[in-house]
Amino acid sequence: MEELNKKTVPILPWMRIPIDVSLYEDCPLETLPCLDPSSILLVPEFDISISVLVEFLIRLKVALQNMGISSLFPVQVAVWQETVGPSSCERDVCINSPTGSGKTLAYALPIVQMLSKRAVRCLRALVVLPTRDLALQVKEVFAAVAPAVGLSVGLAVGQSSIDDEIAELIKRPKLEAGICYDSEDISQELQSAVDILVATPGRLMDHINTTKGFTLEHLCYLVVDETDRLLREAYQAWLPTVLQLTHTNHESHFPCVNTFLPSTFGSLKTIRRCGVERGFKDKPYPRLVKMVLSATLTQDPSKLAQLNLYHPLFLTTGQSRYKLPEKLESYKLICESKLKPLYLVALLQNLGGEKCIVFTSSVESTHRLCTLLNFFDDLKIKIKEYSGLQRQSVRSKTLKAFREGEIQVLVSSDAITRGMDVEGVRNVINYDMPPYIKTYIHRAGRTARAGQTGRCFTLLRKVEGNQVVRLTAGNPSPRTQPVGCVMLHWFTTLRPSSAHQWDEKRFKKLLKKADNNSCPVHPLPSNLIESHRPVYLFALEKLKETVESEASWKRKIGFKYSRMGKGKGINGLKK
Ligand SMILES: Nc1ncnc2c1ncn2[C@@H]1O[C@H](COP(=O)(O)OP(=O)(O)OP(=O)(O)O)[C@@H](O)[C@H]1O
């Protein structure tokens with residue numbers, strides 16, 4: 001169902017009549033409707049004085065300019081027009097827009113603008129993202145614009161202890177000396193310290209279940225970013241829980257919801273109060289507006305049904321379902337399976353130390369490949385791994401160094417790089433061919449962002465038929481085979497089903513699902529490849545020693561490598 005041909009008509013009727021974002025153009029901030037202070041006189045429904053609002057709009061524009069933004073991108077203009085203004089947000093919004101097209105600001109700016117009219121502080125916007133690094137990235141965007149209009153942004157991702165996080169999110173009443181309040185009474189007085197919360201599902205559920213004073217009853221906006229990824233993972237039923245807690249009627253649309261809600265949930269269950277109490281004049285029940293986004297938004301009705309969307313408005317770019325960034329150039333390199341690392345080294349040298357992300361198919365091969373590459377001292381490129389097997393603190397440190405340019409090459413598996421926005425990434429290399437077009441889109445989308453140019457290289461294995469049969473039939477154990485064979489086993493996943501089909505053929509089929517699918521061969525000078533061969537052989541020997549010593553160390557400390565390696569990393573992320 002997911003890998004539909006690009007010409008397939010969506011099943012859901014509202015997806016068949018989209019708003020085409022490609023018909024919009026960049027819009028300078030000066031001419032953006034409703035960001036111009038004079039335009040607010042046309043919209044007389046505020047809880048704060050007009051003069052304060054005018055001041056806010058001026059400050060919001062300055063905040064955007066301080067971010068280096070002088071005009072809005074097409075998707076941002078389209079979402080702005082559909083969400084801000086007199087007919088604001090009567091419908092939920094689904095956005096399918098290419099990687100790097102500016103989806104974060106597309107929802108952050110309207111939310112901040114709309115909430116600038118609020119009179120009292122309470123949690124009104126919740127943004128959910130699948131990973132901590134992504135949540136941090138999105139929080140930075142909100143933090144750059146929200147304070148300009150007096151809004152406060154919080155983060156719930158488990159980066160700090162739960163107590164520290166609660167202290168940031170909940171404002172406690174000042175206790176008078178000598179008076180000891182009952183904790184139950186205090187909960188009546190507690191108030192949100194933030195207007196906007198950016199969260200990962202796990203930590204969000206912790207606060208819903210246990211944090212006194214944490215409530216979603218005032219929520220006006222729910223953003224589900226990287227929707228297709230979040231819908232794949234149930235994460236303690238976070239979505240039905242949030243929808244139940246924000247539902248305005250006494251009748252639940254989710255009759256089954258109570259069956260999985262934790263027992264502590266009962267005391268926190270709230271019926272959303274009327275709008276006047278929440279600081280919205282003349283609107284009895286400001287509806288919860290949902291915004292869902294992805295570069296590869298699912299069209300699967302059963303998956304989208306989980307969101308319980310209200311008259312959804314579908315914004316997409318162009319006719320094709322899968323769209324690559326306009327200035328992305330795709331190239332392929334075809335080589336023998338056992339020479340892939342050698343080609344990669346030559347390619348990295350060819351790219352001359354430009355910022356680059358190398359994608360592999362698993363956390364294990366990420367680790368091995370990165371270890372191997374670091375034996376090539378001549379490369380003079382700082383290379384680090386970034387994978388779900390690492391602790392969050394290690395990952396964050398690596399990402400920071402990559403952002404700051406101390407590291408030039410990041411070797412990574414898929415799970416944690418979706419949505420990652422690192423300035424100056426000029427190249428993406430698919431060391432292992434992506435299995436799906438969606439994977440290709442999200443990997444390639446780490447470059448050619450925000451209208452910049454970028455290149456995506458894919459290494460394809462030229463496997464001889466008899467070689468495949470020999471290897472797959474024998475299934476050689478890395479322990480008993482000579483180094484060359486061991487490496488071949490480690491660096492290539494030869495599946496019997498693919499024995500008859502070269503990567504090239506499968507890759508061509510995969511790319512056909514995207515609009516701009518031309519992918520010429522990237523030539524590498526053979527002398528460049530050959531010049532690394534002696535070090536390659538040495539590096540393979542060193543890698544073997546390293547892997548063996550790591551394995552014995554893990555055995556010693558009782559590390560259950562096989563359990564971690566099969567399907568999930570230590571943080572529960574799929575490989
Ligand atoms: N109007 C703008 N002018 C200039 N730069 C912008 C503008 N809007 C966004 N950007 C920049 O574009 C980059 C990509 O934005 P963003 O991360 O929101 O893309 P995205 O569509 O969410 O991508 P992905 O699908 O990969 O998550 C960011 O570096 C952001 O700062």
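User: Before we get to the ligand, what counts as a polar contact here?

Analyst: Quick bit of groundwork, and keep in mind that this is a predicted model. For the ligand, a polar contact is a pair of N or O atoms within 3.5 Å.

User: OK, how far is the side chain of Arg449 from an oxygen atom of the ligand?

Analyst: Arg449 is listed among the closest of the 18 residues that surround the ligand. The pair to look at joins a ligand oxygen to an N or O atom of the Arg449 side chain, and its distance is 2.8 Å.

User: Which residue puts a polar side-chain atom 2.7 Å from a nitrogen atom of the ligand?

Analyst: Gly102 isn't the one, since there a polar backbone atom sits 3.1 Å from a ligand oxygen. The side-chain atom facing the ligand nitrogen at 2.7 Å belongs to Gln76.

User: How much of the ligand's accessible area does the protein cover?

Analyst: On its own, the ligand has 640 Å² of accessible area. The share covered by the protein is 82%.

User: Now the sheet: which strands stand at the edges?

Analyst: It's an open sheet of eight strands with parallel pairing, in the order E1-E12-E4-E11-E10-E5-E9-E6. Two strands have a single partner each, so one side of each has no neighbour in the sheet. Those are E1 (19–20) and E6 (153–156).

User: And what is the bridge partner of Ile19 in E12?

Analyst: E1 pairs with E12 (residues 313–316) in the parallel sense, over two bridges. Within E12, Ile19 has as its bridge partner Leu315.

Terms used: Residues are numbered from 1 along each chain as its sequence is written. This is a predicted model: local features need pLDDT of at least 70, side-chain atom pairs count only at pLDDT 80 or more; totals for chains, interfaces and linings use all residues. Side-chain values use heavy atoms; hydrogens and water are left out. Two strands pair if DSSP finds at least two bridges between them. Helices (H or I, at least four residues) and strands (E, at least two) are DSSP runs, numbered from the N terminus. A residue is near a molecule or strand if one of its heavy atoms lies within 4 Å of it. A polar contact is a pair of N or O atoms within 3.5 Å; within protein, one must be able to donate a hydrogen and the other to accept it, and residues adjacent in sequence count only if both atoms are side-chain atoms. Accessible areas come from the Shrake-Rupley method with a 1.4 Å probe; for residues, only the protein chains shown count as cover.
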